Amino acid sequence: MTDVTLSQLDGKLFIDGKFIEGRGGRNDVKNPARDQVIGQTAETTVDEIEQAVTSARTAFRQWSRVPAKTRSQALHRLGDAITADAQRMAHIMTLEQGKPLNEAKGEILKLAEACHFYAEEAVRVLGEIVPNDQNGYQSQVIREPIGVVGAITPWNYPAELIGWKLCASVAAGCTIIIKPAELTPFTALAIAEKVAEAGIPAGVVNVLTGKGSIVGQALVEHPDVDKIAFTGSSAVGLQIQRSCPTVKRLSLELGGNCPLIITQSADIDAAVKGAARRSFRNMGQICIAINRIYVARPLYSSFLEKFAQAAGGLTIGDGLLNPGADIGSMASADPLKKTHEHLADALDKGARLITGGKAPEGDEFAKGFFFQPTIVADCTHAMKVMSEETFGPLVGVAPFDTLEEATTLANDTPYGLASYVYARDLQEIYQLSAELDYGNVAINNVDAGIMNAPYGGRKQSGIGYEHGREGLLEYFNFKHIRLHHGAGA
């Protein structure tokens with residue numbers, strides 16, 4: 001199945017509704033659980049980038065005028081096609097990303113959910129009538145699609161994070177050029193297969209592979225790309241913002257350094273369960289992973305003991321051989337190296353290793369990028385684990401004495417994507433909800449984003465929103481039409 005599946009996508013680009021053989025150099029794509037080459041992608045050439053932008057620009061002129069119901073039906077077809085092929089698409093994702101097969105399938109189904117959600121939102125884009133200060137005039141405010149979108153997407157959720165951009169673009173009447181991460185290009189190309197199968201017109205969706213610094217940057221700098229939608233690091237997001245040679249609309253979902261506060265009133269067992277899930281799921285390679293935990297001092301020792309037990313009970317495995325594993329391999333050597341560096345830094349500065357701290361033992365882990373879920377305690381903000389985003393299966397824990405101290409520590413970061421609280425005291429809940437300076441605050445749960453509510457960060461965690469009606473509106477320009485009709489004047 002592996003060879004057949006990827007051979008159809010090897011070296012391909014998706015431009016103007018067709019798969020074409022890329023003319024540029026080839027880049028190896030590896031299975032990170034086995035350190036084996038599974039295929040190659042093409043480095044998109046300058047001419048191919050131009051071809052894709054021309055295709056998207058041409059398609060936009062027609063797609064932007066298509067009735068919303070037609071765009072809605074296309075997205076529903078896409079969602080159905082993805083659901084029907086979820087197992088194969090999940091297999092592709094696990095091959096190149098390393099997460100367990102069952103989790104990969106869940107992500108593919110969330111991609112389908114995004115298709116259906118934005119299909120429904122497409123027909124609900126309403127305008128406004130704004131009162132004027134004199135009779136005989138009427139002001140209409142209508143929404144029109146922005147144009148051609150360049151989407152630059154990461155490797156940690158290679159289907160879902162494409163879906164948020166693709167579905168909103170298609171629903172709004174925009175066209176889109178997707179540049180997936182170099183580590184996970186085949187998931188994006190598999191999505192393109194479903195786009196063709198769903199009958200979405202040529203040029204509405206395009207997929208270009210290659211390096212972000214070359215292909216992604218070319219989209220940022222291209223005068224006929226009207227908007228950039230990017231998910232990735234804050235450093236790259238800032239580079240995109242600085243390097244736009246023309247004024248463009250930007251949606252930037254960037255890094256996080258997400259805290260969890262556990263107050264004295266918390267259900268400690270629920271907090272342990274939530275901390276284990278959100279600290280280590282996807283090997284900690286998620287923008288809204290819990291990076292640092294602040295625990296009310298009376299609960300501190302008990303929490304550490306139970307948290308270590310929960311982390312130690314997580315199963316690690318090759319995502320294909322053990323599809324139901326809790327966690328798989330890391331996606332590449334880079335996040336694994338950073339995890340090692342942050343752990344060493346914390347231990348050098350006095351942190352206490354509670355559990356983990358090394359690769360799991362056994363032949364199945366020998367070649368892949370595996371690491372045990374790791375907890376360090378007695379941490380301070382002098383340690384990188386508490387002040388930087390690790391993006392790996394490492395979390396730092398520290399005690400606090402007052403709610404004000406916890407809030408100050410939680411907000412002591414340039415990031416503001418997501419934060420978490422476990423508390424049962426209503427006053428504590430409302431105080432922390434108000435004072436945590438984050439775009440998303442999850443209380444007594446660790447799912448900070450749902451499809452029908454806005455999701456976005458503040459400070460250095462980005463600009464703009466995905467999910468919800470607000471995510472769709474990011475793909476529109478607003479137009480004010482002021483009419484003098486004379487009636488009633």
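**Strand pairings and helix crossings**

Mentor: Start with an open sheet of three strands, ordered S5-S6-S22, with antiparallel pairing. The model is predicted.

Trainee: What makes strand S5 (128-130) and strand S22 (476-484) edge strands?

Mentor: Each of them pairs on one side only. In the order S5-S6-S22, they are the two ends. The twist averages 25° from one strand to the next.

Trainee: How many bridges join S5 to strand S6 (residues 137-145)?

Mentor: Three, and the two strands run antiparallel. A pair needs at least two bridges. Three bridges satisfy that, so S5 and S6 count as paired. One link to check is Val130, whose bridge partner in S6 is Ser139.

Trainee: What do S5 and S6 form, and how many residues are between them?

Mentor: They form a hairpin, with six residues between the strands. Gly136 sits in the turn, and its phi is positive, at about 90°.

Trainee: And S6 with S22: how many bridges join them?

Mentor: Nine, again with the strands running antiparallel. The cut-off is at least two bridges, so this pairing qualifies as well. Ile142 has Lys479 of S22 as its bridge partner.

Trainee: Now the other sheet. Why is one side of strand S14 (352-355) and of strand S19 (440-443) left without a neighbour?

Mentor: Both stand at the edges, and each has a single partner strand, so one side of each has no neighbour in the sheet. The sheet is open, has seven strands, and runs S14-S15-S16-S13-S12-S18-S19 with mixed pairing. Its twist averages 25° from one strand to the next.

Trainee: Which way do strand S13 (residues 290-296) and strand S16 (residues 394-400) run?

Mentor: Parallel, joined by five bridges. With at least two bridges required, five make them a pair, so the order S16-S13 holds up. Ala296 has Phe400 as its bridge partner in S16.

Trainee: Which strands does helix H11 (residues 297-312) lie across?

Mentor: Strand S12 (258-262), S13, S14, strand S15 (374-377) and S16. H11 runs at about 140° to S13.

Trainee: On to helix pairs. What describes two packed helices?

Mentor: The angle between their axes and the distance between the axes.

Trainee: Apply that. What makes helix H4 roughly antiparallel to helix H7?

Mentor: The axes of H4 (residues 86-97) and H7 (residues 185-197) cross at roughly 160° and come within 8 Å. Angles over 145 degrees count as roughly antiparallel. The crossing angle is past that cut-off, so H4 is roughly antiparallel to H7. H4 passes H7 in a right-handed crossing.

Trainee: Which residues of H4 and H7 meet?

Mentor: From H4 come Arg88, Met89, Ile92, Met93 and Glu96. From H7 come Pro185, Phe186, Thr187, Ala190, Ile191, Glu193 and Lys194. By class, that contact has seven nonpolar, one polar and four charged residues.

Trainee: H7 also packs with helix H3 (residues 68-84). Why are H3 and H7 called oblique to each other?

Mentor: Their angle is about 130°, with the axes 9 Å apart. Roughly antiparallel needs over 145 degrees, and roughly perpendicular spans 65 to 115. The value falls between those two ranges, so H3 and H7 are oblique to each other. H3 passes H7 in a right-handed crossing.

Trainee: Which residues of H3 and H7 meet there?

Mentor: Leu78, Ala81 and Ile82 of H3 meet Lys194, Val195 and Glu197 of H7. The classes are four nonpolar, no polar and two charged.

Trainee: Last pair. What makes H8 oblique to H9?

Mentor: Helix H8 (residues 212-221) and helix H9 (residues 234-243) cross at roughly 40°, their axes coming within 9 Å. Roughly parallel means under 35 degrees, and roughly perpendicular starts at 65. The angle lies between those cut-offs, so H8 is oblique to H9. The crossing is right-handed. Gln217, Val220 and Glu221 of H8 make the contact with Gln239, Ile240 and Ser243 of H9. That gives two nonpolar, three polar and one charged.

Trainee: Which residues does the UniProt annotation "domain: Aldehyde dehydrogenase" cover?

Mentor: Residues 20-481, according to an unreviewed UniProt entry. That span is 41% helix and 21% strand, and its end C-alpha atoms lie 43 Å apart.

Key
Residues are numbered from 1 along each chain as its sequence is written. This is a predicted model: local features need pLDDT of at least 70, side-chain atom pairs count only at pLDDT 80 or more; totals for chains, interfaces and linings use all residues. Side-chain values use heavy atoms; hydrogens and water are left out. Axes are lines fitted to C-alpha atoms, for helices over the stretch in contact, and angles run from 0 to 180 degrees between N-to-C directions. Helices (H or I, at least four residues) and strands (E, at least two) are DSSP runs, numbered from the N terminus. A crossing is left-handed if the near helix is turned anticlockwise from the far one by less than a right angle, and right-handed if clockwise. Contact means heavy atoms within 4.5 Å. Ala, Val, Leu, Ile, Met, Phe, Trp, Tyr, Cys and Pro count as nonpolar, Asp, Glu, Lys and Arg as charged, and the others, Gly among them, as polar. UniProt positions are given in the numbering used here, feature names are shortened, and annotations may be inferred rather than shown by experiment.
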